[in-house]
Amino acid sequence: MLGKMELRQLRYFVVVAEEKNITRAAEKIFLSQPALSRQIKALEDEIGQLLLERSAHSFRLTPVGETFLPQARELLQQAERVSRSVRVVNPRARLRIGYAPSMAENLLPKALKSFMAAHPRFCVELCDLCSSELLKRVESEELDLVLTVQPERGIKTLMWTPLIHSSWHLVVNREHPLAVQSKVSPEEVAREPLLAFNRRDYPEYWEMIAGWLRKHRQKGRLAGEYDRLSSLTAAIVAGMGVAVILSRVARVFPKSIVLKELSAEPKPQTIAVGYRKDRAQEKSIVRFIKELKRAV
């Protein structure tokens, strides 16, 4: 029934359907747009049905595509379950860890070093992703563990082990007028061009900052959105604006950036390790969380 259909083609189709944009999907899976289009076309040829109705700048799922999408997801989940069951008896076990680089600084390397020393048979795979993608992949079992900020709203299938509580700071260029102040108020922050992580990839961050400003009856002036800490850092160094960042993240900034206390800071955030509830007793997960706690 599946013929020559490949799992990677199913993955590509699911990403395209979820992103609702070929260009964004191609960027997400590090594939060129023409190559991605060819893979989707090959999948359609194998099935013998159109999955996408294309126009010059957009597409939509056909009725067949709408029906096929949940089936594709189920096939991918079945494949992962089979792979995981095989890994149980494989002497070279695998542990897939997703992380937000700024949150994992110092913590992850220490935990990895001690974990591998104690369990050399494991093959550890690391994946650097945005917060929304981390949650999606650990929920779908593409990752075993994720190290990131614990979401305010819980996901039913996931559970979290808290590691570190982090407060917030305003970060500015060393030459910025606010750099000489001892503390900065929400009103002063609202008057400055605000730089932030992008809304699509970091929804929890956006909700926190926007809610904090609303609480103080302020509305920030958004001057730029960034998908990586390195891009945000470059914009701050260039004097393009200011940013409200977790203190844990701010530790990695260069000396040309100054951290300022907020007179009324947002609610502290918890950096935690997340995993599926139905996998909480797996030895590899329990052991690695133990090493993370030691690293803290």
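Student: What makes 48% of the 296 residues in the chain count as buried?

Tutor: Buried means under 20% relative accessible area, while exposed means over 50% and partly exposed lies in between, using a 1.4 Å probe and protein chains only. This is a predicted model, where local features need pLDDT of at least 70 and side-chain atom pairs count only at pLDDT 80 or more, though totals for chains, interfaces and linings use all residues. Residues are numbered from 1 along each chain as its sequence is written, and side-chain values use heavy atoms, with hydrogens and water left out.

Student: How do you know that Ala-100 is buried?

Tutor: Its relative accessible area is 11%, which is under 20%, so Ala-100 is called buried. You will find Ala-100 in the loop between strand S3 (94-99) and H5.

Student: Which residues does Ala-100 contact, beyond its neighbours within four places in sequence?

Tutor: Contact means heavy atoms within 4.5 Å. By that rule Ala-100 is in contact with Leu-129, Leu-134, Leu-147 and Thr-148.

Student: What makes a group of residues the largest nonpolar core here?

Tutor: A nonpolar core is a set of buried Ala, Val, Leu, Ile, Met, Phe, Trp, Tyr and Cys residues joined through side-chain atoms within 4.5 Å. The largest such set has 72 residues, and Leu-145, Leu-147, Leu-170, Tyr-205, Ile-245 and Phe-288 touch the most other members. Its largest share, six residues, comes from helix H9 (residues 203-215). Another core, of 22 residues, lies apart from it and includes Val-14 and Ile-40. In soluble globular proteins, nonpolar side chains tend to be buried together.

Student: What do the names H9 and S11 mean?

Tutor: Helices (H or I, at least four residues) and strands (E, at least two) are DSSP runs, numbered from the N terminus. This chain has twelve helices and 13 strands.

Student: How do you know that S7 and S11 pair?

Tutor: Two strands pair if DSSP finds at least two bridges between them. Strand S7 (residues 168-173) and S11 are joined by four bridges, so they pass, and they run antiparallel. For instance, Val-171 has Ala-243 as its bridge partner in S11, and Trp-168 stands opposite Leu-246. Both strands belong to an open sheet of four, in the order S8-S12-S7-S11, with mixed pairing.

Student: Why are S8 and S11 called edge strands?

Tutor: Strand S8 (183-184) and strand S11 (243-246) each pair on one side only. Even so, both faces of S11 are covered, with Ala-243 and Ile-245 buried on one side and Val-244 and Leu-246 buried on the other. In a regular strand the side chains alternate between the two faces of the sheet.

Student: How do you know that the buried residues of H10 are on the same side?

Tutor: The residues in question are Leu-229, Leu-232, Thr-233, Ala-235 and Ile-236. The arc is that of the directions from the helix axis to the C-beta atoms. Here it is only 160°, which puts them on the same side of H10.

Student: What makes the model's confidence highest or lowest in a helix?

Tutor: We compare pLDDT, the predictor's confidence in each residue, from 0 to 100. Helix H8 (residues 186-190) has the highest mean, 95, and helix H5 (residues 101-104) has the lowest, 74. The chain's mean pLDDT is 86, and 94% of its residues reach 70 or more. Where pLDDT is low, the predicted coordinates should not be read in detail.
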